[in-house]
Amino acid sequence: MPPPAPWKRRSGPQGTRLFSAEELSRLARASGPASDGRASVREPVLEGLNEGLEGHRFSLRPGRQTIGRRDDNDIVIGDQSVSSAHAWVMNQQGHYVVMNTLSTNGTFVNGRRVHEATIKHGDRIRFGQVEFVFLTREPGQRTHVRLYALAAGLLVLAGLAALAWWLL
């Protein structure tokens, strides 16, 4: 049976529109993703490392995001080692900070238990037994800061070589 025409959709209580799972999937594909799923300096992500979450990315937006097992969290992790309200990830003046919110099994950054820690590209963050990597750029992508530092280092070396040649 073909889906009903958009103008003939069924309505629920109080006029709420009801959509089938197929319709929702089709509408989601038609509107396209809000993000292309790539990490960038503008849109950092937590990428899952555990089986079942491996490769799954959670985009981190400005402000504070809650992480936990309960459905009302911004990032929901359905693992028993994760507390219902486990942690926060906050963007504080361009730096991302992870903060444990009195979880039972702790929050870890690079294997060290933390209450609060600033995180950087490549850091491994674990909530209970569920581990993520914090990405601010794609693997292999260089940042401008590194390129500028490399160029400055080469200029300094060239200057020192010229000075040594002049003194000899």
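A residue counts as buried when its relative accessible area is under 20%. Phe134 has 2%, so Phe134 is buried. The model described here is predicted. An open sheet of five strands, a nonpolar core and a set of aromatic pairs are the main topics below.

**The five-strand sheet**

- The strands of the open sheet follow the order E4-E3-E5-E6-E9, and their pairing is mixed.
- Strand E4 (75-76) and strand E9 (116-119) are the edges, and each pairs on one side only.
- Strand E3 (residues 64-68) runs parallel to E4, with two bridges between them.
- Ile67 faces Ile75 of E4. Gly68 has Val76 of E4 as its bridge partner.
- On its pairing with E5, E3 is antiparallel, and four bridges hold the match. Gln65 stands opposite Val89 there.
- E5 and E6 are antiparallel too, joined by six bridges. Val89 of E5 is the bridge partner of Val98 in E6.
- E5 and E6 form a hairpin with two residues between the strands. In this hairpin, Gln93 takes a positive phi near 55 degrees.
- E6 and E9 run antiparallel and share four bridges. Val98 stands opposite Ala117 of E9.
- Cover is high in E3, where four of the five residues are buried.
- E6 has five of its six residues buried, so the rest of the structure largely encloses this strand.

**Aromatic pairs**

- A pair of aromatic rings is described by two values: the distance of the centres and the angle of the planes.
- The model has three aromatic pairs.
- Phe58 and Phe132 make an edge-to-face pair, with 5.9 Å centre to centre and 70 degrees between the planes.
- This pair links distant parts of the chain. Phe58 is in strand E2 (residues 57-59), Phe132 is in strand E11 (residues 130-135), and they are 74 residues apart.
- Both partners are buried: Phe58 has 14% relative accessibility, and Phe132 has 0%.
- Tyr96 and Phe134 form a tilted pair, because their ring centres are 5.6 Å apart and their planes meet at 50 degrees.
- Tyr96 sits in strand E6 (residues 95-100) and Phe134 in E11, so the pair ties together parts 38 residues apart in sequence.
- Tyr96 has 7% relative accessibility, so Tyr96 counts as buried.
- Phe58, Phe127 and Phe132 belong to one aromatic cluster.

**Charges over rings**

- Arg64 lies over the face of Trp88, 4.1 Å from the ring centre.
- Arg126 lies over the face of Phe108, 4.0 Å from the ring centre.

**The nonpolar core**

- In soluble globular proteins, nonpolar side chains tend to be buried together.
- The largest nonpolar core here holds 21 residues. Leu46, Ile77, Val98, Ile125, Phe127 and Phe132 touch the most other members.
- Strand E5 (87-92), E6, E9, strand E10 (124-127) and E11 each give two or more residues to this core.
- E11 gives the largest share, three residues.
- Phe132 has contacts beyond its neighbours within four places in sequence. Among them are Leu46, Leu49, Leu53, Phe58, Ile77, Ile125 and Phe127.
- Phe132 also contacts Glu47, Gly48, Asp123 and Arg124.

**Pro44**

- Pro44 lies in the loop between helix H1 (21-31) and strand E1 (45-48).
- Its relative accessibility is 3%, so Pro44 counts as buried.
- Leaving out residues up to four places away in sequence, Pro44 touches Phe58, Ser59, Leu60, Tyr96, Phe134, Leu135 and Thr136.
- Pro44 and Arg57 are 13 residues apart in sequence, and their C-alpha atoms are 9.5 Å apart in space.

**The annotated segment**

- UniProt, in an unreviewed entry, lists residues 147-167 as "transmembrane region".
- In the model, residues 147-167 are 100% helix and 0% strand. The end C-alpha atoms of this stretch are 30 Å apart.

Technical notes:
Residues numbered from 1 in each chain as written. Predicted model: local features only at pLDDT ≥ 70, side-chain atom pairs only at ≥ 80, totals over all residues. Heavy atoms only, no water. UniProt positions renumbered as here; feature names shortened; annotations may be inferred. Pairing = 2+ DSSP bridges. Phe/Tyr/Trp six-rings, centres within 6.5 Å; stacked < 30°, edge-to-face > 60°. Buried < 20%, exposed > 50% of the residue type's maximum accessible area, 1.4 Å probe, protein only. Lys NZ or Arg CZ within 6 Å of the ring centre and 35° of its normal. Core = buried A, V, L, I, M, F, W, Y, C linked by side-chain atoms within 4.5 Å. Contact = heavy atoms within 4.5 Å.
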